[in-house]
Amino acid sequence: MRLVKEELGVKTALGVSNISFGLPSRQLMNQTFLTMAMMPFTYNISYGIAFGLISYVAIKALSGKIKEIHAATWIISILFALTFFLTH
């Protein structure tokens with residue numbers, strides 16, 4: 001974590017080291033970590049939250065739990081993904 005703080009100058013990601021790898025809700029932890037990691041890398045909180053929603057849909061879909069994803073969540077995450085790909 002010292003390397004993250006010194007090299008990137010990021011002080012908000014220091015809580016990332018507390019993530020446990022044996023929790024039953026591992027998918028939720030992965031999505032939370034990806035959201036936290038993307039905020040300082042993109043210098044934008046809204047991009048981090050959007051990436052968190054996209055990763056939520058991707059992780060649920062890849063783990064075989066597609067039926068748990070609400071239709072509105074699909075639509076919003078697809079719109080966020082299109083925004084990322086078309087504007088950057």
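**Exercise 1. Place Ile75 in the fold, and find which residues share a nonpolar surface patch with Ile75.**

Solution. In this predicted model, Ile75 is found in helix 4, an element that covers residues 71-87. On the surface, Ile75 joins Ile78, Leu79, Leu82 and Leu86 in a nonpolar patch, and the five residues together have about 510 Å² of accessible area. An α-helix has 3.6 residues a turn, so residues three or four places apart point the same way. Helix 4 also holds Thr73, but this residue is buried, its relative accessible area being 19%, which falls below the 20% limit for that class. Leaving aside residues up to four places away in sequence, Thr73 touches Leu53, Tyr56 and Val57.

**Exercise 2. Describe the chain as a whole: how many helices and strands does it have, and what part of its residues counts as buried?**

Solution. Begin with the secondary structure, where the chain shows four helices and zero strands, so that, read from the N terminus, the order of elements is α-α-α-α.
Turn next to burial: 20% of the 88 residues of the chain count as buried.
The surface comes next, and here the chain exposes about 6400 Å², of which carbon and sulfur atoms supply 69%.
Finally, consider the contacts between residues at least 6 apart in sequence, among which 35% join residues at least 24 apart.

**Exercise 3. Test whether the end-to-end distance of helix 3 agrees with the expected span, and list which residues of helix 3 are buried.**

Solution. Helix 3 comprises residues 45-62, and its 18 residues, taken at 1.5 Å a residue, should span 26 Å. The C-alpha atoms at its ends lie 25 Å apart, which agrees with that expectation.
For burial, the residues of helix 3 to be listed are Gly48, Ala50, Gly52, Ile54, Ser55, Val57, Ile59 and Lys60.
Ser55, one of these buried residues, has a relative accessible area of 6%, and, when residues up to four places away in sequence are not counted, Ser55 touches Gln31 and Leu34.
After the helix comes Gly64, whose phi is positive, near 85 degrees.

**Exercise 4. Determine where Ala37 lies and how far its C-alpha atom is from that of Phe51.**

Solution. Ala37 is found in helix 2, which spans residues 26-42, and with 17% relative accessibility Ala37 counts as buried. Along the chain, Ala37 and Phe51 are 14 residues apart, while their C-alpha atoms are separated by 9.7 Å.

**Exercise 5. Classify the aromatic pair of the structure, and state which helices hold its two members.**

Solution. The structure holds one aromatic pair. The rings are those of Tyr47 and Phe84, whose centres are 5.4 Å apart and whose planes stand at 75 degrees, so the pair is classed as edge-to-face, an angle over 60 degrees being what that class requires. Since Tyr47 lies in helix 3 and Phe84 in helix 4, the pair ties together parts that are 37 residues apart in sequence. Tyr47 itself counts as partly exposed, at 27% relative accessibility.

**Exercise 6. Identify the salt bridge of the structure, and decide for each partner whether the residue is buried or partly exposed.**

Solution. There is one salt bridge in the structure, formed by Lys60 with Glu68, and the closest N and O atoms of the two are 2.7 Å apart, within the 4 Å cut-off.
Lys60 has a relative accessibility of 12% and therefore counts as buried, whereas Glu68, with a relative accessible area of 47%, is partly exposed.

Conventions: Residues are numbered from 1 along each chain as its sequence is written. This is a predicted model: local features need pLDDT of at least 70, side-chain atom pairs count only at pLDDT 80 or more; totals for chains, interfaces and linings use all residues. Side-chain values use heavy atoms; hydrogens and water are left out. A salt bridge is a side-chain nitrogen of Lys or Arg within 4 Å of a carboxyl oxygen of Asp or Glu. Buried means under 20% relative accessible area, exposed over 50%, partly exposed in between (1.4 Å probe, protein chains only). Rings of Phe, Tyr and Trp (its six-membered ring) pair if their centres lie within 6.5 Å; planes under 30 degrees apart count as stacked, over 60 as edge-to-face and the rest as tilted. Contact means heavy atoms within 4.5 Å. Accessible areas come from the Shrake-Rupley method with a 1.4 Å probe; for residues, only the protein chains shown count as cover. Patches are made of residues with over 30% relative accessible area and no salt bridge: like charges are joined within 9 Å, nonpolar side chains (Val, Leu, Ile, Met, Phe, Trp, Tyr) within 5 Å. The expected span of a helix is 1.5 Å times one less than its number of residues.
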